[in-house]
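User: I am new to this structure and would like to learn how to read its binding sites. Could you take me through them step by step?

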Amino acid sequence: MNLDKELKIYMQTIRFLDDSTDDYFYLYDMANDRLYFTEKICEKYPITLEKEGIPFSEWMKIVYAKDRNRLQQEIQSVANGNRETHYMEYRLIDKGGNRVWVYCRGTVLRESNEDSGFLIGSVSEVIMRRVVDSLTGLWNGEKFKEDMDRYLKEDKGYLMILGVDNFKNINVKNGRDFGNNLLKMVSMILEEQTDSYTRLYRMDGDCFAVNFPHKTRKNVEDFYNSVKKELENYCTASAGAVAYADGEDTGFLYQYAENALDRAKREGKNMLVFFSSEDYQKSLDWIELQDELKESVRNHFEGFSLRYQPQIEGKNFQIYGAEALLRYQSPTKGLISPMKFIPILEQNGLICEVGNWVLKTAVEQCVKWRKVLKDFHINVNISYVQLCQSNITEKVLDILKEAGIPGDALTLEVTESMELQDYTYFNKIFYEWKRHGIRIAIDDFGTGYSSLGYLKSIDVDETKIDRCFVSRIYCNNYNYRLLSNIIKLAHSAQIQVCCEGVETEEELIALQKLNPDLLQGFLFAKPYTKEEFEKVYIYKECAEYQARVEREKNFHQMKAIENPYFTDENEKDEIVNIVECMDEVIYVSDIDTYELYYMNPAGRKLTGVYNYKECKCYEVLHGKNKPCEYCNNGKLKSEKIHTWELDNLFLKRHFVIRDKLIPWHGKMARLEIAMDISSTKGI
Ligand code: C2E
Ligand code: CA
Ligand code: CA
């Protein structure tokens, strides 16, 4: 058969097949570089056919630029006789400029002589539809699985999952069409950043997978950073990545990448996080704990219990009430802190049921204790997730009614947070509760999202000052002033103040002057079980009750002591005068930099250093050029005075020394008082 005749027969076959399927059949005369299609392909693709065929380069013009190299190499290898078949996925650009994935296959036919050779085959869109995402034109999850199974066997590389941040909100706010267009745009930006070996897939919803065979961690980081930059004006996206080597199979690998993505979202979004097995273990623990919590809720709240921490009145140290604090005893992990399990309950919504149980239990307990302590109050924490339930107002009121307790026995503690910014919504709920006498407290005041402005926007009765303000308040001038202002402001707005986390007598003394209405903290009592609480506060005949009353007497005496740490200006001058006249060497130095802040005349005289500013204590007092090996800065605790003896070889004196940490211009510094006892030692 001559070539023309052969060609004619092939073309007839092609025409027949073309008519009966959706695929485009082709014939490629490799020796003469002529490619034949039927006219069908011109309907969709911008290509002009000629009777005598077109060169392969014409076809290349409608192949997506990033896929041309791969295709060229493939066809070359077939033309060279290295292969007899051709299978390849690549993209064409249609008349509308859209990228269309096609599956191209062909077989080499060599009938007449060795030199001639036809590649005959088809270009199919239909086959690809199964594996192409219709919205973005990227591969879909099915294709991802097929590819991954192959890559994992053969290559080193990375898998990345990328998710658009807050996509659900974007959809709700702007509508689905907007959301879909955004996804298309993200897919286009991703495409622009890929090379021909990086593969993109659209997974569920706003999630994209990116496969990086043969690539390094640095490549993945660079890719993410350039995508992040391109997305800047539209949205942000978080990503999680994992090395192929970290996963046993596609399922695990995907799970690991998702886990890293979850962390990226949890830790603030708009970032890339690489998978770590420790984090993964943590999330497994989280899941396990979540299952246990669910089971406990199903089993009538088995494992949950309440502790009660007393709230004390600031003016007379009488008991005002108690805050109910939730505990969970896990069957496998023991007692778990609410800091750990409350976020889980919040995330899966179980906090609504558990919160109800807490409220009911606490209120019922309050009813019992009010029989002995008439005005006893109970504080119950309520999560913003509970507040978002449509029937929360009635739920709380029903519980109160059922227990038969007046509203003013209950304070609900709400933590200030981002989620509580919808003032109008929450104020409506609070208003209704307040009508029934229930009080609202803002918890952890000062730690979270808002500050004083918050007190104006949310209609509250009480603010609970977080422990971080109260802690060592006596030696932090800045916090002291801030707290003083907060309390004044709150009082001027008729808002009560409770200082939380009072642990030491020094803290209590410092707080006295500020007149907080309520006090809470380990100094008075830790959170007690119901039985413990009753022994200490309810049953007078108990030894624990008597011991507590005795202890409280000390608090009354403490109240009389003036706060020694914050003196007025006149008093300050007096103190300086005294210190300046003393024979002991007295100096103050920075505990981190060792810089001398102050040294009294006795010290200046002994060391001969009169201009000690910017000198280090070890230089001036010990003649050293680095900190002394016996320096105890690290060991000093503010409450303790550290007493020791030193034979100071540099000054040729024997000292008994007392060291203490003191506040110095908003920082902690070391006060050292050194008494010279050389004469008693015969020096
Ligand atoms: P919170 O509401 O700020 O509760 C005060 C926390 O401070 C309690 O921790 C309490 O034990 C601790 N505390 C009290 N006095 C002192 C002190 O002098 N020093 C120190 N260092 N800590 C003190 P707890 O019981 O571990 O509770 C932690 C958090 O869990 C609570 O903080 C609250 O936000 C949440 N929580 C506890 N129970 C519930 C509940 O029933 N519902 C909700 N939504 N959250 C709860
Ligand atoms: Ca609280
Ligand atoms: Ca608190």
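**Reading the ligand sites**

Analyst: A polar side-chain atom of N381 lies 3.2 Å from an oxygen atom of ligand 1, which fits the definition of a polar contact, a pair of N or O atoms within 3.5 Å. This is a predicted model, in which local features need pLDDT of at least 70 and side-chain atom pairs pLDDT 80 or more, while totals for chains, interfaces and linings use all residues. Residues are numbered from 1 along each chain as its sequence is written, chains are lettered from A and ligands numbered from 1 in written order, and side-chain values use heavy atoms, without hydrogens and water.

User: Which atom of ligand 1 does E503 approach with a polar side-chain atom?

Analyst: For E503 the partner is a nitrogen atom of ligand 1, 2.6 Å away, whereas R327 places a polar side-chain atom 2.8 Å from an oxygen atom of that ligand.

User: Which protein residues are donors to the calcium ion (ligand 3)?

Analyst: Donors are N, O and S atoms within 2.8 Å of the metal, or 3.2 Å for Na, K and Ca, and since water is not among the atoms, sites may look incomplete. Here D443 (OD), D444 (OD) and E500 (OE, listed twice) lie 2.1 to 2.8 Å from the calcium ion (ligand 3), with the sequence spacing D-D-x55-E.

User: What does D443 bridge, and is D443 buried or exposed?

Analyst: D443 bridges the calcium ions ligand 3 and ligand 2, which lie 4.1 Å apart. Buried means under 20% relative accessible area, exposed over 50%, and partly exposed in between (1.4 Å probe, protein chains only); D443 is buried at 5%, while D444, at 24%, is partly exposed.

How values were computed. A polar contact is a pair of N or O atoms within 3.5 Å; within protein, one must be able to donate a hydrogen and the other to accept it, and residues adjacent in sequence count only if both atoms are side-chain atoms.
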